[in-house]
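Me: Let's go through this one by question and answer. I'll ask, you reason it out.

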Amino acid sequence: MIRKTLLLMILGVSSLIFSLGAWAAPSVIKIGTLYAGSGNFSQASTRQYAGLQFWADQVNAKGGVYVKAYGKRIPVKLIAYNDQSSTTLAASLYNRLITQDRVHILIADYGSVLTSVAIPLAREHRILLFDETGTSGKFFRPADKNRYIVLTGLPTSSEWPKVLANFMRKLGIQRVAILYAANDWSGSQANTLKSTLKKLGADVVFFESVPDSTSSYSTILHRIAEAKPEAVAEFGYSNNDVAFLQDYASSGLYFPMLFVPNPALHFEVVRKAVGNAAMRYVYSYVAPPLIRYNREVTHGPTLDAFEAAYTKSGGRNIDLSTVAGYNTGLIVQHALAKAAKYTQESMRTAIDAFSGKIFTLDGLFKVNHEGAQIGESLPVGQILPTPSGLKLQAVFPVESAAAKYVYPQPRKP
Amino acid sequence: MPKTWRSTAVIVAITLLTFVFVPYIYNNQFLLFNMMMYMALALGLNIIYGYTGYLPFGYVGFFGAGAYGGALAITFLHWSPYLAVIVGGGAAVLVGMILIPLFRLSGAYFSIANLAAAEALYYIVANPHLESITQGPYGISLPQVYDPNGAYWTMLFILLFALVLSGFIRGSRFGLALAAIRENPLSASMSGVNVVKLRSISWLLSALVAGLAGATFGWYISVFYPETVFGLGIGVFTIVFVLFGGIGTVLGPIVGTLILYGAYNYIGISTPQYFQLVYGLIIVLLVLFLPNGLVSLAKRRGIDVP
């Protein structure tokens, strides 16, 4: 009898301990990420990380994020390492975050190159990768059947220029020259613009690539001029855009329309390097914070509220990278608040469930089955003179337009 | 059995045991993989630089050629990754053969010409017009063969192969002939050493090791861009690791990589804000006080370093 009672007691205590262990909430939610403290991606990466840090500080000030699986708020702890823009170091550090730090949430570094090495690791370890700005289309191929990735911000880069192609056709532009730097991000935009324009009946009269490191465009600009285009689109990183616009300004050439992508991402950086005169009337995309989502926002602060709080806290002026970092925090927060269980699979299911139903300061959050962002689109903007200086303003499509476009652009004096 | 070969056998055994058992107590497999990769690259570079005196600044070109050679074998021929690794080694050897005329140059001119060749190779691979073959700038994706464990053991095998190869060269007449070429090619030639042939063989062996390592690296990470595998940082690290350990030895590149790559990761994690400063200081001190690498400390005390 005594032995039986003892056995029952042991069984009872064991099951109690087991059930407590199963339901015990973690003391903190460990969020692992990388940033590039130096190298090619440092400028955008550190700003993106600052946005994420600001989100973490904000939620911790309120006691943490609400985790539905435990029915309470839990503080978040950011664990971040500096990958110095190196993919080999980044892969090692992602591995460390997963296997040694055992983070609950994994967030990728800036851009496709530094995100690429995280994808197979996340998939192998079955941890959901929150991809902030890695917009390469090959991360989201249906054939790969990878459910462990979600692009939280921008649409895949091959989607970006579709609005631009429509705008060019609306202007009646028939002859278009496309120049691009040989990298995934630029090349996929150039290819999409080319194919979309052809579908719309326009002629691509010049289509060439240059190395990423190109710093002189004088000869290429004259070759483009020989093709007599009505519009020229140059796709590249910031350094490419800067060199292209500087050389165009000093070339004496004239094209009725010029498009470059980076003013949308780093307006002030490009403006300071190029100067106001060369930037005037140039077209670009328009993305937050240049396009300001306020009234539409259903989740998290409006863009105005975020900017005010961020700058008040001592942060620098915000740009797209800062917004992307903060926005990722918001998506993580919502996934934790909606996931029935504290598991990666449950978070992914929750994301699918609220996809297309929430609007943040970065736009509509909507992902497809592969995790690619399809909710946001990038209107076309033009850099126009205003009483307060040059401003990149949305001009197309009509429902997003904040100003009337100027086409053809005036000749430079 | 010559003494060098015995010492090499000991180094091989210790390396094998280390990389077999360390994963049981340290689970950042990719860091260990990278450590092995840089050790193999350092040993491969040492075959041409340490034994013949020719420093190829563009050594990473072979690494990238191997990564792409292996990836193309997987993508187009649907070969197993193990066979693809061999194809990667072959691709690097092919590139090495094309670059043999660079040996008409010497010293800094050879180094710079080699660097230019590696950059040219990078731009060829990244050329959008070759998208149907190399995927151009859009990068390679090999999720169908992703197998980190398989790649880990393959890299260990390549490291052991590089060790055995280095030990064999150092203890053989071939190695002696290479040393003669390093000291004075003209005198070596007049002594009956076929300078062109032996130098070319060591060059191709060096390329083979880098190509095998590159193909295995591509297999491990399975998603990569041209700049990932042709990044000059990989070549610079390899050269620094060889110099730090000591050129012309089997042990030097291993020790150099172990300490410097270990420090690289430790500093990068513990004090990332001082990373460039600390790492730069280490290299400056090395150049000032240990120009012949760590093994020179032992040699000064009369200890023979394999």
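**Odd backbones, two chains and a contact**

Me: What relative accessible area does B:Gln135 have?
Reply: Keep in mind that this is a predicted model. Buried means under 20% and exposed means over 50%, with partly exposed in between. B:Gln135 lands in that middle class, partly exposed, because its relative accessible area is 32%.

Me: And what is phi of B:Gln135 near?
Reply: Most residues other than glycine have a negative phi. B:Gln135, in the loop between helix H6 (131-134) and strand S1 (140-141) of chain B, has a positive one. Its phi is near 70 degrees.

Me: Chain A has one of these too. What is phi of A:Arg126 near?
Reply: A:Arg126 sits in the loop between helix H5 (118-124) and strand S6 (129-131) of chain A. With 53% relative accessibility, A:Arg126 counts as exposed. Its phi is positive although the residue isn't glycine, with a value near 50 degrees.

Me: On to peptide bonds: which residue does a cis peptide bond join to A:Pro288?
Reply: Most peptide bonds are trans. This one has omega of about 10 degrees and is cis. The partner is in the loop between strand S12 (283-285) and helix H12 (303-312) of chain A. The bond joins A:Pro288 to A:Pro289.

Me: What is omega near for the peptide bond from A:Tyr407 to A:Pro408?
Reply: A:Pro408 is in the segment after strand S16 (389-396) of chain A. The bond leading to it from A:Tyr407 is cis, with omega near -5 degrees.

Me: Zooming out, what is the radius of gyration of chain B?
Reply: Chain B has 15 helices and two strands. For its 306 residues the globule rule gives 19 Å, and chain B comes close to that, so it is as compact as a globular protein of that length. The radius of gyration of chain B is 19 Å.

Me: And what is the radius of gyration of chain A?
Reply: Chain A holds 14 helices and 16 strands. Its C-alpha trace spans about 100 × 40 × 35 Å along the principal axes. Still, chain A is as compact as a globular protein of 413 residues, because the globule rule gives 22 Å and the radius of gyration is close to that, at 24 Å.

Me: How much of the accessible surface of chain B belongs to carbon and sulfur atoms?
Reply: Buried residues make up 56% of the 306 residues in chain B. The accessible surface of chain B adds up to about 12700 Å². The share of that surface belonging to carbon and sulfur atoms is 72%.

Me: How far apart are the centres of the positive and negative side chains in chain B?
Reply: Chain B carries 11 positive side chains and 6 negative ones. In chain A there are 42 positive and 29 negative side chains, with the centres of the two sets 7 Å apart. For chain B, the centres of the two sets lie apart by 23 Å.

Me: Now the contact: what area is buried between chain B and chain A?
Reply: The contact takes 36 residues from chain B and 41 residues from chain A. B:Tyr138, B:Tyr225 and B:Ile269 supply 20% of the area that chain B buries against chain A, more than any other three residues. Carbon and sulfur atoms give 53% of the total buried area, which is about 3000 Å².

Me: Which residue of chain B is A:Ser86 in contact with?
Reply: A:Ser86 lies in the loop between strand S4 (76-82) and helix H3 (87-99) of chain A. It counts as buried, because its relative accessibility is 16%. Setting aside neighbours within four places in sequence, A:Ser86 is in contact with A:Leu114 and, in chain B, with B:Tyr264.

Me: Last one: which residue of chain A does B:Ser222 touch?
Reply: B:Ser222 is in the loop between helix H10 (195-221) and strand S2 (223-224) of chain B. At 2% relative accessibility it falls under the 20% limit, so B:Ser222 counts as buried. Leaving out residues up to four places away in sequence, its contacts include B:Ile140, B:Pro143 and B:Tyr146, and from chain A there is A:Pro120.

Key: Residues are numbered from 1 along each chain as its sequence is written. Chains are lettered from A and ligands numbered from 1 in the order in which they are written. This is a predicted model: local features need pLDDT of at least 70, side-chain atom pairs count only at pLDDT 80 or more; totals for chains, interfaces and linings use all residues. Side-chain values use heavy atoms; hydrogens and water are left out. Helices (H or I, at least four residues) and strands (E, at least two) are DSSP runs, numbered from the N terminus. The radius of gyration is taken over C-alpha atoms; the globule rule is 2.2 Å times the number of residues to the power 0.38. Buried means under 20% relative accessible area, exposed over 50%, partly exposed in between (1.4 Å probe, protein chains only). Accessible areas come from the Shrake-Rupley method with a 1.4 Å probe; for residues, only the protein chains shown count as cover. Lys and Arg count as positive and Asp and Glu as negative; His and the chain ends are not counted. The place of a charge is taken as NZ of Lys, CZ of Arg, CG of Asp or CD of Glu. Contact means heavy atoms within 4.5 Å. Buried area is the accessible area (1.4 Å probe) that two parts lose on being put together, summed over both.
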